[in-house]
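Colleague: Take me through this model, please. I want to hear the reasoning behind each label.

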Amino acid sequence: MHAALARLALVLLLGGACGAPLGSRDGLSARRGSCVRSVRAGDFVRCQFNGTDARGQLLSSSYDRNHTLNVFVGVGELVPELDQVLLGMCVNEKRHISIPSSPTIKTQGYGIPLSLGSIVKLELLVTDVWNLVDAVQVQTLYRPHQCNRTVQVSDYVRYHYNGSLLDGSLFDTSSWQNKTYNSYVGTGWLIPGVDNGIRGMCVGEQRHIIVPPFFAYGEHGAGEDATDAAVPPNATLVFDILLLDLHNPHDRVAVQSYHVPHTCNRRTVAGDFVRYHYNGSLLDGTNFDSSYLKDKTYDTYLGKGYIIAGMEEGLLGVCMGEHRRLTIPPHLAYGEAGIVNKIPGSAAIVVHVLMVDFHNPTDNVNIETQHLPEECSHHVHKGDFVGMHYNTSLLDGTKLYSSRTTGWTYEAIVGTGQLIPGLDQGLMGMCLGERRQLIIPPHLGFGEKGIEGEVPGSAVLRFEVELVQLEEGLPDGYIFVWKDNAPDELFTQMDEDHNENITLTEFSTFIKSQVSRGLGRLLPGRDHDHLIGDMFRNQDRNGDGIITASELKLKQQEDEERQHDELTHKICQQPSSGETTKIKTLCSPSLFHSSLPSRIFPYPKP
């Protein structure tokens, strides 16, 4: 149809017999840009034209009809003289020629009257040239230095593009939609020229692709109708493409470990609780999230579905302190929906991960002895009083606290709630002078909350402990014990002035005398006057400030009278240096627990 129309237009404009002289060529106008391509014999050209008479009156115009003159050059569709004019013309080149009219000029089909002897002036602008033997032309404008993967058949790609005609007229661009164009490759979703032109591309690569019409939209073009087509019929298309993303529906997570510590005693498994830092980006390097910006790690369990499937997969088998690069396809990330204003739909993502620490809820304290004295007369038991130096840090080496910087040792009674549970466990069995490293999971440390501004929540802690003081404790609930039997005539010995009343001064003098002579022991780690005062008040049953003979009671008397006494005589078994020793005690379980406030380790007040 277009070829016939072209012939009709040429008959109108040129007239005369086929051998009529063409007339003079007035010359060439300025050419827009470089010569993209010049016309050769056998090429198909699309031209815009204006035809006027000698007076400048418009006779015919392709612009008015909203379609170009479309013909093959040098194959007999045009008079030879016009073929000669078109040969060698470049895209966007304009030529002017003058044609004498002929008595045989025809106006049928256009209804444009011409006067005999008038001169027809013709203006030609070549907008497109192609040949039936043309192939898709691909020019790489930029290719990243590192290209780990290229586009293959069945891959899913995301790219930005500008689409124009060969004369530079823009007909479409992804920027108009403010989003990428997304498609599978090799499945017929793309026009053949683009489908083939993007194969082998890397993420970040830019290509210039020229597609002849038979690999594009062919004779019909593209648009709502032929008169309002975004892409005219038989048009060569030019695409500038920037590839942003590619993946395959069969992809799994690609894991690259680029730093692994020399020592890796343990790797993550499903069920572990992990703390890690991360940077998240798209394949083109666009950052969308980072834990560093929030100044806190991301904390979660593995294998419980709390994080995207790709992270679940990529975080298995990681060492403490390991750095990994995870490339996660969208079907293991945020899918077709993506995250509004952060992650486009169907986007592969890259996550750089630093594993800060991890633990399992079933973990106990890990104990490593770094120095053990040759002699050890007593091992730490529950109730023992200890003094220690320690350094506390996170597993990534971040220092939290050190007693050596203050010069104070930390003192506590083991197993009484004064220490975090993990430290209580880690001190058991230590010798005086021994040094240990303790790895304490958070459920035996400071838990999910941590200590604000000091210890992160759910953090595994490393303690380096040196035991510098050790006093054997008392049986649970006791604040004073005799090493042997209680003295005979206990009331008489306490009543120094023999007035049948024991004052606090007399009571205190007697107990301190027993301790100084090595006959008895007070609960270590507490103020002696405070302990003795509590003992006295518990024996002063009527609260009148003195203890009478009827008030001072031992365990035997308590059993006989079935009364609760705070001063008792008890035989208990407690191992000491591998032997069993009988210990007579003054006992007050309720007193003991009420007089020991809970203390938070490792930040004691001096």
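Modeller: Start with N178, which has 70% relative accessibility and so counts as exposed. Keep in mind that this is a predicted model.

Colleague: Why is N178 called exposed?

Modeller: Exposed means over 50% relative accessible area. N178 is at 70%, so the label holds. N178 sits in the loop between α4 (174-177) and β10 (181-184).

Colleague: What makes the phi of N178 worth a remark?

Modeller: Its sign. Most residues other than glycine have a negative phi. N178 is not a glycine, yet its phi is positive, near 55°.

Colleague: Which phi does S458 have, and is S458 buried or exposed?

Modeller: S458 is not a glycine either, and its phi is positive at about 60°. Its relative accessibility is 7%. Buried means under 20%, so S458 counts as buried. S458 lies in the loop between β25 (435-440) and β26 (461-471).

Colleague: Why does R324 count as buried?

Modeller: The cut-off is under 20%. R324 has 9% relative accessibility, so it counts as buried. R324 belongs to strand β19 (residues 323-328).

Colleague: What joins the side chains of R324 and S257?

Modeller: A polar contact of 3.3 Å. The limit for such a pair of N or O atoms is within 3.5 Å. Beyond its neighbours within four places in sequence, R324 has further contacts, among them Y258, L316, V351 and H352.

Colleague: How do you know that helix α11 has the span its residue count predicts?

Modeller: The expected span is 1.5 Å times one less than the number of residues. Helix α11 (residues 528-539) has 12 residues, so it should span 16 Å; its end C-alpha atoms are 17 Å apart, which agrees. At the start of α11, a side-chain oxygen of D527 comes to within 3.4 Å of the backbone nitrogen of D529. Buried residues of α11 include L531, I532, M535 and F536.

Colleague: How far does helix α10 reach from its first C-alpha to its last?

Modeller: Helix α10 (residues 504-516) reaches 18 Å with its 13 residues, close to the 18 Å expected. Among its buried residues are F507, F510 and I511. Just after α10 comes G518, with a positive phi of about 75°.

Colleague: What makes strand β16 mostly covered?

Modeller: Nine of the 10 residues in β16 (residues 273-282) are buried.

Colleague: How do you know that β16 and β20 pair?

Modeller: Pairing needs at least two bridges. β16 and β20 (residues 349-359) have 10 bridges, in the antiparallel sense, so by that definition they pair. F273 stands opposite H359 in β20.

Colleague: How many bridges does β16 have with β18, and how many with β17?

Modeller: With β18 (residues 298-301) there are four, antiparallel. There, R275 stands opposite D299. With β17 (residues 287-290) there are three, also antiparallel. G280 stands opposite D289 in β17.

Colleague: What lies between β16 and β17 in their hairpin?

Modeller: Four residues. In that turn, G285 has a positive phi of about 95°.

How values were computed. Residues are numbered from 1 along each chain as its sequence is written. This is a predicted model: local features need pLDDT of at least 70, side-chain atom pairs count only at pLDDT 80 or more; totals for chains, interfaces and linings use all residues. Side-chain values use heavy atoms; hydrogens and water are left out. Buried means under 20% relative accessible area, exposed over 50%, partly exposed in between (1.4 Å probe, protein chains only). Helices (H or I, at least four residues) and strands (E, at least two) are DSSP runs, numbered from the N terminus. A polar contact is a pair of N or O atoms within 3.5 Å; within protein, one must be able to donate a hydrogen and the other to accept it, and residues adjacent in sequence count only if both atoms are side-chain atoms. Contact means heavy atoms within 4.5 Å.
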